[in-house]
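Hi,

Here is the structure I promised to pass on. Have a look at it first, and then read my notes below.

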Amino acid sequence: MLTLTTVLCCMMGLTLCYQRQSVSNNNNHNNVDAKPTHLPPLHYPHGHKWNEPYFDLTMPRNITSLVGKSAYLGCRVKHLGNKTVAWIRHRDLHILTVGTYTYTTDQRFQTSYHRDIDEWTLQIKWAQQRDAGVYECQISTQPVRSYSVNLNIVVPTATILGGPDLYVDKGSTINLTCIIKFSPEPPTHIFWYHQDKVLSEETAGGRLKFKTIKSEETKSILLIYDADLLHSGKYSCYPSNTEIASIRVHVLQGERPEAMQTNAAPAAAALAWACHTKQATQAVKVISTMVAAFVLLEACCTLLLQGTGGGGVGAGGGGGLVGGEENRTPPLQSQTAQADRNGSCPNRDHGGQQTTSTSANHVNKRRTTAR
């Protein structure tokens, strides 16, 4: 009996040990293949096991930063394990940081690790325009896995509408509008200068008024009431996050009305003057040509008439010496035909006829004397 009881106890113990070992093996197998239930399936790349490092794809891939300020590029890595995270500059494949160690000699680059969210943040201090470009967050796996982030560096600009010159009439209101563009955040303050003096409503006696409109583009408006000649000069808009912008204001007292309120008027006046000068030049050329033609025509007519008059006298004289009527008539007919041919000369026909008539009278007198 003792022997049988002992054998049964041993068999029962072996069975329990086998079952316990089987359960333990099954649990270990499930732990290898199982995935945690608190993470969505899309975070697990195809073919990768749940305990391998992977990137949080919800992190932004485009970062815009202001020049001169710090730029922050984020990279979240889950299940990093014993792997390391490095930041690489894409344009020259230069290693910037490995872990939290700065690998480059440019100490503006620094990486910090936030354990609660598993984020490796690359900070670029005093960002410059040359820092713009693509940066890669890499995990030291085989093969290497990377996550790209594009950094944009913007330079805010300030512009005053109506520049560089503005013409206003005395007694009117000067309206200067300064627009700040490409600024991720509005400027903390905007100062206005006249020449080198800061403008203030308190010291202006109610003639100055400032107004700021903040939206995608920040606008600062300066109003100067009842403008006087003393308000002429250089005005400057100086925002806290941009370079200075300037305009020159001309307060006029009745002169140059075509240039009022806009700097486009001088250009229009110059264009009108150029057109007027061109037309005047063309008119002078036409008049000069006409005068030259009239002078030449008058000279030709004068020469022809002088030749006709001399021929008549000579012919008459020749006729008197010969004394024959038949020989005296052809010269008179020749003179008349010549005068008819020259009848195109303006204001000369009457003079030519008078000359011919005088020559004929002179010939008749000589006939009478000869008889």
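**What I found**

Strand 1 (residues 54–55) pairs with strand 3 (residues 71–78) in the antiparallel sense, over two bridges. Before going on, please keep in mind that this is a predicted model. Within that pairing, F55 has V77 of strand 3 as its bridge partner. Strand 3 also runs antiparallel to strand 8, and six bridges join them. One pair to look up there is R76 with E119, the latter being in strand 8.

Next, the open sheet. Six strands make it up, in the order 2-10-9-4-5-6, with mixed pairing. Its edge strands are strand 2 (62–66) and strand 6, each of which pairs on one side only. Further in, strand 4 and strand 9 are antiparallel and joined by five bridges. If you want a residue pair to find your way by, V85 stands opposite I139 in strand 9. When you colour the side chains, remember that in a regular strand they alternate between the two faces of the sheet.

On to the surface. Which residues form the nonpolar patch there? They are I95, V98, Y101 and Y103, and together they have about 400 Å² of accessible area. Y101 belongs to strand 6 (residues 101–102), which is one of the edge strands of the open sheet. Is Y101 buried or exposed? Its relative accessibility is 55%, so Y101 counts as exposed, the cut-off being over 50%.

Now some backbone details that you may want to check before you set anything up.

Two cis peptide bonds:

- Q142 to P143 is cis, with omega near 0 degrees. P143 sits in the loop between strand 9 (133–139) and strand 10 (145–154).
- G163 and P164 are joined by a cis peptide bond as well, where omega is about 5 degrees. You will find P164 in the loop that lies between strand 11 (157–160) and strand 12 (165–169).

Two residues with positive phi:

- L93 is not a glycine, yet it has a positive phi of about 55 degrees. The loop in question is the one between strand 4 (85–89) and strand 5 (94–98). L93 counts as exposed because its relative accessibility is 61%.
- D118, not a glycine either, has a positive phi of about 55 degrees. D118 is placed in the loop between strand 7 (109–114) and strand 8 (119–124). With a relative accessible area of 22%, D118 is partly exposed; buried would need a value under 20%.

One last spot is P184, in the loop between strand 13 (174–181) and strand 14 (190–194). What does P184 touch, leaving aside its neighbours within four places in sequence? The contacts are L66 and V154. P184 and V154 are 30 residues apart in sequence, and their C-alpha atoms are 8.2 Å apart in space. To place those two partners, L66 falls in strand 2 (62–66) and V154 falls in strand 10 (145–154). Both of those strands are part of the open sheet described above.

That's the lot from me. Shout if anything is unclear.

Cheers

Note on methods
Residues numbered from 1 in each chain as written. Predicted model: local features only at pLDDT ≥ 70, side-chain atom pairs only at ≥ 80, totals over all residues. Heavy atoms only, no water. Patch = residues over 30% accessible without salt bridge, like charges linked within 9 Å, V, L, I, M, F, W, Y side chains within 5 Å. Areas by Shrake-Rupley, 256 points an atom, 1.4 Å probe, with all protein chains shown as cover. Salt bridge = Lys/Arg side-chain N within 4 Å of Asp/Glu carboxyl O. Helix = DSSP H or I, 4+ residues; strand = E, 2+ residues; numbered from the N terminus. Buried < 20%, exposed > 50% of the residue type's maximum accessible area, 1.4 Å probe, protein only. Pairing = 2+ DSSP bridges. Contact = heavy atoms within 4.5 Å.
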